[in-house]
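The following exercises ask the reader to derive statements from a protein model and to check each one step by step. Please study the sequence and the structure before reading the solutions.

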Amino acid sequence: LYQLLHDADFGKVAALLKSQPIDQIAIAGAFVIAGYVTLTFYDLFALHTIGRRKVPYSVAALASFTSFTIGHSLGAAVVTGGLIRLRIYSVWGLTVVDIAKIAFITGMTFWLGNALLLGGATMYAPEAATVVDHLPPSINRAIGLSGLVAIGCYLVWLAPRARAVGRAGWRIVLPNLRLTLVQIGIGALDLALVTMAMYTLLPSEPIVPLSTILVIFLTATLLGTVSHAPGGLGVIEATMLIGLPQFQREELLAALLTFRAVYFVLPVLLATLTLGLRELWMLARPASTGRGDA
């Protein structure tokens, strides 16, 4: 990232940030809100999958929003997000094993949605991936196809009967074929909405196809996730700058900074405040209050 930006005009970046249209930011914000609402269904789906259906949506939404937002912002999301989930769900009788199962199912939701969207987009626009990974378009198209084939094979495997993974208390009965399609839809919709938020903030010129943005942005977020860097900081920006040379660096950087503020900074502040207020309320409430109020 330093090599990409060492001679950039940061005065111009600041000017572009100040002049960014409010309506453009508002539309991106609407996509971000819709994306975070979709994100709440990750935990709700996982809870139903592991048989913890009595946990209400409001609790699942709180746990999902705070654990994902704070966890990914701090890095090592499996650990940090897991601790937040345990803090919230333990009131409802969930154990460490249950939290591990939830992490497994929500992880599957993310990866299945990513395989569908990124695999399909890479098949359609393999040249976009070539800019980042320097592989021939034919190889990238094959990689995209392999992601879709993997999903297809998984669905065929699920079709005949109920499948399970793990043993004893760690055993998880996987969603059936119909529910897995719902699971894929949740993951794909979440990623599509966040991509649209980024797409909305990009400069209007030059015109770059949405399929290209989809490939580059999902690759950037994927690399940011596997890097475990807090919020994918630096990883997402570097990948976008490399993958979208069509845009002027300063204009693209201004869009990326705005996106980071809207999608990462503001939500993590809200999640931290929400979690803090919940903790204060839990401390202040009478000891005899039932768990249903939590």
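**Exercise 1. Determine which residue caps the N-terminal end of helix 9, and check the length of helix 9.**

Solution. Step 1: the cap is asparagine 176, since one of its side-chain oxygens lies 3.2 Å from the backbone nitrogen of arginine 178. Helices here are DSSP runs (H or I, at least four residues), numbered from the N terminus.

The model is predicted, so local features need pLDDT of at least 70 and side-chain atom pairs count only at pLDDT 80 or more, whereas totals for chains, interfaces and linings use all residues. Residues are numbered from 1 along each chain as its sequence is written, and side-chain values use heavy atoms, with hydrogens and water left out.

Step 2: helix 9 comprises 25 residues, 177-201. The expected span is 1.5 Å times one less than the number of residues, which gives 36 Å for helix 9. Step 3: the end C-alpha atoms of helix 9 are 37 Å apart, in agreement with the expected span.

**Exercise 2. State how many salt bridges the model contains, and describe the pair formed by aspartate 43.**

Solution. Step 1: apply the rule that a salt bridge is a side-chain nitrogen of Lys or Arg within 4 Å of a carboxyl oxygen of Asp or Glu. The count by this rule is 6.

Step 2: aspartate 43 pairs with arginine 85, and their closest N and O atoms are 2.8 Å apart. The pair links distant parts of the chain, because aspartate 43 belongs to helix 3 (residues 22-49) and arginine 85 to helix 5 (residues 77-89), 42 residues apart.

Step 3: classify the partners by relative accessible area (buried under 20%, exposed over 50%, partly exposed in between, with a 1.4 Å probe and protein chains only). Aspartate 43 has 0% and is buried; arginine 85, at 5%, also counts as buried.

**Exercise 3. Determine which helices are joined by the salt bridge between glutamate 237 and arginine 260.**

Solution. Step 1: the closest N and O atoms of glutamate 237 and arginine 260 are 2.5 Å apart. Step 2: glutamate 237 lies in helix 11 (residues 235-243) and arginine 260 in helix 12, so the pair ties together parts that are 23 residues apart in sequence. Step 3: both glutamate 237 and arginine 260 are buried.

**Exercise 4. Describe the largest pocket and its lining.**

Solution. Step 1: a pocket is defined on a 1 Å grid over the protein atoms alone, as an open set of points where a 1.4 Å probe fits, with protein on both sides within 12 Å along at least five of seven lines; lining residues have an atom within 4 Å of a point. The largest pocket holds about 820 Å³ of space.

Step 2: 36 residues line the largest pocket, and those closest to its centre are Phe68, His72, Ala77, Phe110 and Thr225. Step 3: the lining divides into 19 nonpolar, 15 polar and 2 charged residues.

**Exercise 5. Is serine 90 buried, exposed or partly exposed, and which backbone oxygen does its side chain reach?**

Solution. Step 1: serine 90 is found in the loop between helix 5 and helix 6. Step 2: its relative accessible area is 38%, so serine 90 is partly exposed. Step 3: the side chain of serine 90 reaches the backbone oxygen of leucine 86 at 2.9 Å. Step 4: the C-alpha atoms of serine 90 and arginine 52 are separated by 12 Å, and these residues are 38 residues apart along the chain.

Note on methods. Helix = DSSP H or I, 4+ residues; strand = E, 2+ residues; numbered from the N terminus. Polar contact = N/O pair within 3.5 Å; in protein donor to acceptor, adjacent residues only side chain to side chain. Points joined across faces, edges and corners; volume = space filled by probe spheres on them. Nonpolar A, V, L, I, M, F, W, Y, C, P; charged D, E, K, R; others polar.
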